[in-house]
Amino acid sequence: MARIFITGSADGLGHLTAKALIREGHQVVLHARNAVRGKQALSKVPGAEDVLAADLSSIEETKALASKAN
């Protein structure tokens, strides 16, 4: 199985995708815009490995996120 990083997984399609991939046995790392939404995402997606927070509208936060997700 794969380790998968999903942006925008606090809600919507990213959230649904994360749950489906976990059910299939993949290791999933979630993404949220900030720490509060990250905690919410982890509570709504049991089995997620971790959550990384960054606002992707900020190039600096996006670069930092990329290095953490690596």
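This section describes the sheet, the packing of its helices and the salt bridges of a predicted model.

The strands form an open sheet of three, in the order S1-S2-S3, with parallel pairing. Strands S1 and S3 (50-53) occupy the edges, each pairing on one side only. From one strand to the next, the twist averages 20°. Strands S1 and S2 run parallel and are joined by four bridges. Within this part of the sheet, Ile6 is positioned opposite Leu30 of S2.

Two helices lie across the sheet. Helix H1 crosses S1 and S2, its direction making an angle of about 170° with S1. Helix H3 (residues 59-69) lies across S1, S2 and S3 and runs at about 155° to S3.

Helix H1 comprises 12 residues, from 12 to 23. The distance from its first C-alpha to its last is 17 Å, close to the 16 Å expected at 1.5 Å a residue. Gly14, His15, Ala18, Leu21 and Ile22 are the buried residues of H1. Viewed down the helix axis, these buried residues fall within an arc of 135°, and they therefore line one face of H1. This arrangement can be related to the general geometry of such helices. With 3.6 residues a turn in an α-helix, residues three or four places apart point the same way. The buried residues of H1 pack against strand S1 (3-6), strand S2 (27-32) and helix H2 (35-44). Leu13, Leu16 and Arg23, on the other side of H1, are exposed. Just after H1, Gly25 adopts a positive phi of about 100°.

A search of the whole structure identifies two salt bridges. In general, side chains of opposite charge can pair when their charged atoms come close. One salt bridge is formed by the side chains of Glu49 and Arg3, at 2.7 Å from N to O. Because Glu49 belongs to the loop between H2 and S3 whereas Arg3 belongs to strand S1, the pair ties together parts that are 46 residues apart in sequence. Glu49 is partly exposed, its relative accessible area being 36%.

Asp11 forms a salt bridge with Arg37, with 2.8 Å between the closest N and O atoms. Asp11 is located in the loop between S1 and H1 and Arg37 in helix H2, so this pair ties together parts that are 26 residues apart in sequence. Asp11 is also partly exposed, with a relative accessible area of 38%.

Key. Residues numbered from 1 in each chain as written. Predicted model: local features only at pLDDT ≥ 70, side-chain atom pairs only at ≥ 80, totals over all residues. Heavy atoms only, no water. Expected span 1.5 Å × (residues − 1). Buried < 20%, exposed > 50% of the residue type's maximum accessible area, 1.4 Å probe, protein only. Arc of directions from axis to C-beta. Contact = heavy atoms within 4.5 Å. Pairing = 2+ DSSP bridges. Axes fitted to C-alpha atoms, helices over the stretch in contact; angles between N-to-C directions. Salt bridge = Lys/Arg side-chain N within 4 Å of Asp/Glu carboxyl O.
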